[in-house]
Amino acid sequence: MEGKAIRIRVAFCFILIGISLMLAAVVTDHWAVLSPKVEKLNVTCEVAHFGLWRLCTKRIFIQEPDPNSKGCGPLSLPGDHNCSYFKHFTSGENEEIFEVTTQKEYSISAAALAIIGVGFMAMGTVCTILAFNPKRNYLLKPAAMFYTFAGLCIIIAVEVIRQSVKRMVASEDTVWIEYYYSWSFSCACSAFALLFICGIALLLISLPRMPRNPWETCMDAEPEN
């Protein structure tokens, strides 16, 4: 029984890391970095990075070519920085070009999935904390399922963002041609791996011990020491 409790605590520690990574991905705006193609020096170009909630643009004066890309950047160069939140639930004629050309439904879908995933995480954490009471250890099973569902939500949101970026870059209405996925995107992918795998592991750990002999059943098997 003590070995099982240790395994549960280890799985929950990894889940806490996954929760931290998912929250970092949801609240930050470095999922993808977009830039136009820059073919000459001593010009000003505009690079953009965005997340689930807002788009940030930065005007950079290019003096030296970027050895890793032909786009505008790198993002760490100094320049005028401006951020604006997406108008997910409003409509109007004066929307940013980003909202028009990235197919607004993509951004809404990714944000909604992220919110649902955070909700699953919250319910899983509550169940796990309550399950530390031996009389309520049955709550480990729903907690494990909640964490697994949270991981699935965030990886679906990742795929929605990927499709949004590809469709936007392919659009003739935008100047952004070069793109790459940034650290918020990596946090989301890592969160999926930890929450999904550890959620399944927690579910398996919480299941009753399988019978050692064919004639035993789960009900009459000897209790663990």
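This passage walks through the fold, the nonpolar cores, the aromatic pairs and the salt bridges of a predicted model. Residues are numbered from 1 along each chain as its sequence is written, and side-chain values use heavy atoms, with hydrogens and water left out. Because the model is predicted, local features need pLDDT of at least 70 and side-chain atom pairs count only at pLDDT 80 or more, while totals for chains, interfaces and linings use all residues.

The protein holds five helices and five strands, where helices (H or I, at least four residues) and strands (E, at least two) are DSSP runs numbered from the N terminus. Read from the N terminus, the order of elements is α-β-β-β-β-α-α-α-β-α. Of the 225 residues, 41% count as buried; here buried means under 20% relative accessible area, exposed means over 50%, and partly exposed lies in between (1.4 Å probe, protein chains only). A contact is a pair with heavy atoms within 4.5 Å. Among the contacts with a separation of 6 or more, 64% join residues 24 or more positions apart.

A good place to start is the interior. A nonpolar core is a set of buried Ala, Val, Leu, Ile, Met, Phe, Trp, Tyr and Cys residues joined through side-chain atoms within 4.5 Å. The largest such core has 45 residues, and Trp31, Phe50, Tyr147, Leu195 and Leu202 touch the most other members. Two or more residues come from each of α1, β1 (32-35), β2 (43-50), α3, α4 and α5 (183-206), and α4 gives the largest share, with 13 residues. A second, separate core has seven residues, including Val33, Cys45, Val47 and Cys72.

Leu202 gives a close-up of the main core. Neighbours within four places in sequence aside, Leu202 is in contact with Ile8, Ala11, Ile15, Leu140, Ala144 and Tyr147. The helix that carries Leu202, α5, has 24 residues and reaches 34 Å from its first C-alpha to its last. That is close to the 34 Å expected at 1.5 Å a residue, the expected span being 1.5 Å times one less than the number of residues. Among the buried residues of α5 are Ser184, Cys187, Leu195, Gly199 and Leu202. Tyr147 also meets Thr128, a residue of helix α3 that is buried at a relative accessible area of 1%. Not counting residues up to four places away in sequence, Thr128 touches Phe12, Ala143 and Tyr147.

Turning to the aromatic rings, Phe, Tyr and Trp (its six-membered ring) pair if their ring centres lie within 6.5 Å, with planes under 30 degrees apart counted as stacked, over 60 as edge-to-face and the rest as tilted. The count by this rule is seven aromatic pairs. In one of them, the ring centres of Phe12 and Phe132 are 6.0 Å apart and the planes stand at 75°, so the pair is edge-to-face. Phe12 belongs to helix α1 (residues 2-27) and Phe132 to the loop between α3 (104-131) and α4 (140-170), so this pair ties together parts that are 120 residues apart in sequence. Phe12 is buried at 11% relative accessibility, whereas Phe132 is partly exposed at 40%. Tyr181 and Phe185 form a stacked pair, 4.4 Å centre to centre with 20° between the planes. Of these two, Tyr181 is partly exposed at 25% and Phe185 is buried at 10%. Trp31, Tyr179, Tyr181 and Phe185 form one aromatic cluster.

Side chains of opposite charge can pair when their charged atoms come close. With a salt bridge defined as a side-chain nitrogen of Lys or Arg within 4 Å of a carboxyl oxygen of Asp or Glu, the whole structure yields two. Arg54 pairs with Asp29, the closest N and O atoms being 2.3 Å apart. This bridge links distant parts of the chain, 25 residues apart, with Arg54 in strand β3 (residues 54-62) and Asp29 in the loop between α1 and β1. Arg54 is partly exposed at 27%, while Asp29 is buried at 7%. Glu159 pairs with Arg162, with 2.7 Å between the closest N and O atoms. Both lie in helix α4, three residues apart, about one turn of the helix, and they are partly exposed, Glu159 at 34% and Arg162 at 23%.
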